[in-house]
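Visitor: Hi, could you walk me through this one? I'd like to ask things as they come up.
Guide: Happy to, just ask away.

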Number of protein chains: 2
Amino acid sequence: MDDGKPPPEAPKRSRIQKRNRKRILDAALNVFSQHGYRGATLDQIATEAGLSKPNILYYFDGKAAIHVDLLNTLMAEWLAPLQEMDPEGEPLDELMRYISRKLAMSHAYPRESRLFANEIIQGAPRMGPHLASGLKTLFDEKCALIASWVQRGKLAPVDPGHLIFSIWAVTQHYADFEAQVEVLMPRKAETRAGAEAHVEALFRKLLTPPGYSVRTP
Amino acid sequence: MDDGKPPPEAPKRSRIQKRNRKRILDAALNVFSQHGYRGATLDQIATEAGLSKPNILYYFDGKAAIHVDLLNTLMAEWLAPLQEMDPEGEPLDELMRYISRKLAMSHAYPRESRLFANEIIQGAPRMGPHLASGLKTLFDEKCALIASWVQRGKLAPVDPGHLIFSIWAVTQHYADFEAQVEVLMPRKAETRAGAEAHVEALFRKLLTPPGYSVRTP
DNA sequence: TCGTGCCTTTACCAATTGGTAAAAAACATG
DNA sequence: CATGTTTTTTACCAATTGGTAAAGGCACGA
């Protein structure tokens, strides 16, 4: 695959460039995550960034380039928790820790979650290759790892792929459907703690292998 | 609330009107569900419907009206399974049946699911009232029902609100993130059966109360 | 045959879209 | 302060946007 951005080569950006690029990306994250690619406008991004439209096009090669930049950055950070699931660790602990980190990320970075959701809902037109290469590899690798854990009896029998899907679904739901959650469950502080407990219980019950240290003998 | 459309009064639409309105709504469902409200264009809807743009505006009072019509229709059908969860039935059966129906709907109506997802992700700007009134009432009612089931020991202790959220999240995920699922799990026929089994196991394990007819004594 | 009411098209609009050219301003550095 | 470079603004542009006005078509009963 081609890298749109050069991490090994020197980006050598001036102070001003770094500051303004960050402003633009932050504004674009707001706008893209709320309206999707086509629904977002450069004028809106410019206004939100406090810059003029031509000035934005001085820093980025067009609307698409901003979107791609956001998506690239996002993917790397987004997949880190899954990547760090340790084959050497205790299987149930590793999975529960992954779930917990994923849920925490949804709470901390709801805009990123919605940006990603928007792109996927629209059929991933600007991210298809990204998915098929990087994500697919990681997904398959971790599926195999989970399958081996199941085989060794360290986890209850479970379909690894669908397990990962349901983890993503449940955790990201709190970010992507925030508007709905807030209407239906207005007390915010409680919601977060409740979500954590619920998600923890949901997956612990699913994954705990039979006869694994029953709490009520 | 005000009704945009008159269900009690006679809609009295001609053959042609019924046919063309259906065409327009179907085309609009495609476009809105893929691009969100702002990303959708009347020209695109018109082309997909096989009609001219002014002709579309002969049947609907503008882009917003089409969107609202779709959303109204959607909400009614979308909530039916939850509505039909029977207070008199066997709790675990009722919930598992609801989950199964919800998953089936996501498979059968992915466009509707994505239309709804798009609207919520964007902060539900054209559906806030709808959520706060109709949905909230139903949600609270069913939460109370589930809570009473838990109280009677018919279900394992669970937060009803978060339970419903996780049911929505997991089931809708297969529709909303279809593009991702298809990349990561290419064999389609198996995916559907696997999803059903996984979701069933996930929630059955969560909800089955302690000592409820253990399969492996 | 002629209306008449429903449907469709043609020809427009003003506003907004992503994007450009080039001048002007700000900045850095000798 | 003079000079070259980086950044920002001004003034545009063609294409697309949602929407309108008005003229045509079309079926159908009197």
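Visitor: How many salt bridges does the rule find across the interface of chain A and chain B?
Guide: The rule finds 0 across that interface. A salt bridge here is a side-chain nitrogen of Lys or Arg within 4 Å of a carboxyl oxygen of Asp or Glu. Some ground rules: this is a predicted model, where local features need pLDDT of at least 70 and side-chain atom pairs count only at pLDDT 80 or more, while totals for chains, interfaces and linings use all residues. Residues are numbered from 1 along each chain as its sequence is written, chains are lettered from A and ligands numbered from 1 in the order in which they are written, and side-chain values use heavy atoms, with hydrogens and water left out.

Visitor: Okay, then how many residue pairs are in polar contact between chain A and chain B?
Guide: The count is 18 residue pairs, both residues at pLDDT 80 or more. A polar contact is a pair of N or O atoms within 3.5 Å; within protein, one must be able to donate a hydrogen and the other to accept it, and residues adjacent in sequence count only if both atoms are side-chain atoms.

Visitor: Which elements of chain A give two or more residues to the side that touches chain B?
Guide: They are α1, α6 (110–121), α7 (128–151), α8 (160–176), α9 (178–184) and α10 of chain A. α8(A) gives the most, with 12 residues. Helices (H or I, at least four residues) and strands (E, at least two) are DSSP runs, numbered from the N terminus.

Visitor: And how do the residues on that side of chain A divide?
Guide: There are 30 nonpolar, 18 polar and 7 charged residues on the side of chain A that touches chain B. For that split, Ala, Val, Leu, Ile, Met, Phe, Trp, Tyr, Cys and Pro count as nonpolar, Asp, Glu, Lys and Arg as charged, and the others, Gly among them, as polar.

Visitor: How much area do chain A and chain B bury between them?
Guide: About 4,700 Å², with 70% of it on carbon and sulfur atoms. Buried area is the accessible area (1.4 Å probe) that two parts lose on being put together, summed over both.

Visitor: Switching to the DNA. Which residues come nearest to strand D?
Guide: Of the 18 residues around DNA strand D, A:S14, A:Y59, B:L42, B:K53 and B:K63 come nearest. Near means that one of a residue's heavy atoms lies within 4 Å of the strand. Sugar and phosphate account for 57% of the atoms of DNA strand D that come within 4 Å of the protein.

Visitor: What lies 2.8 Å from a base nitrogen of that strand?
Guide: An N or O atom in the side chain of B:K53 does, on DNA strand D. On the phosphate side, a backbone N or O atom of B:L42 is 2.8 Å from a phosphate oxygen of DNA strand D, and a polar side-chain atom of A:Q17 is 3.1 Å from one.

Visitor: Now strand C, which residues come nearest there?
Guide: A:L42, A:K53, A:K63, B:S14 and B:Y59, out of 19 residues around DNA strand C. Here sugar and phosphate make up 60% of the strand's atoms that come within 4 Å of the protein.

Visitor: Which side chains have a polar atom by a phosphate oxygen of strand C?
Guide: Among them are B:Y59 at 2.6 Å, B:Q17 at 3.0 Å and B:N55 at 3.3 Å. The largest share of the surface near DNA strand C, 4 residues, comes from α3(B).

Visitor: Back to salt bridges: how many are there over all chains?
Guide: A search of the whole structure finds 20. One of them joins the side chains of A:E84 and A:R101, at 2.6 Å, N to O. A:E84 lies in the loop between α4 (63–83) and α5 (91–108) of chain A and A:R101 in helix α5, so the pair ties together parts that are 17 residues apart in sequence.

Visitor: What about A:R204 and A:E200?
Guide: Their side chains also meet in a salt bridge, at 2.6 Å, N to O. Both are in helix α10 (residues 188–207) of chain A, 4 residues apart, so about one helical turn separates them.

Visitor: Last one: is A:K142 buried or exposed?
Guide: A:K142 is buried, at 2% relative accessibility. Buried means under 20% relative accessible area, exposed over 50%, and partly exposed in between (1.4 Å probe, protein chains only). The side chain of A:K142 meets that of A:E141 in a salt bridge of 3.7 Å, N to O, and A:E141 is partly exposed at 45%.
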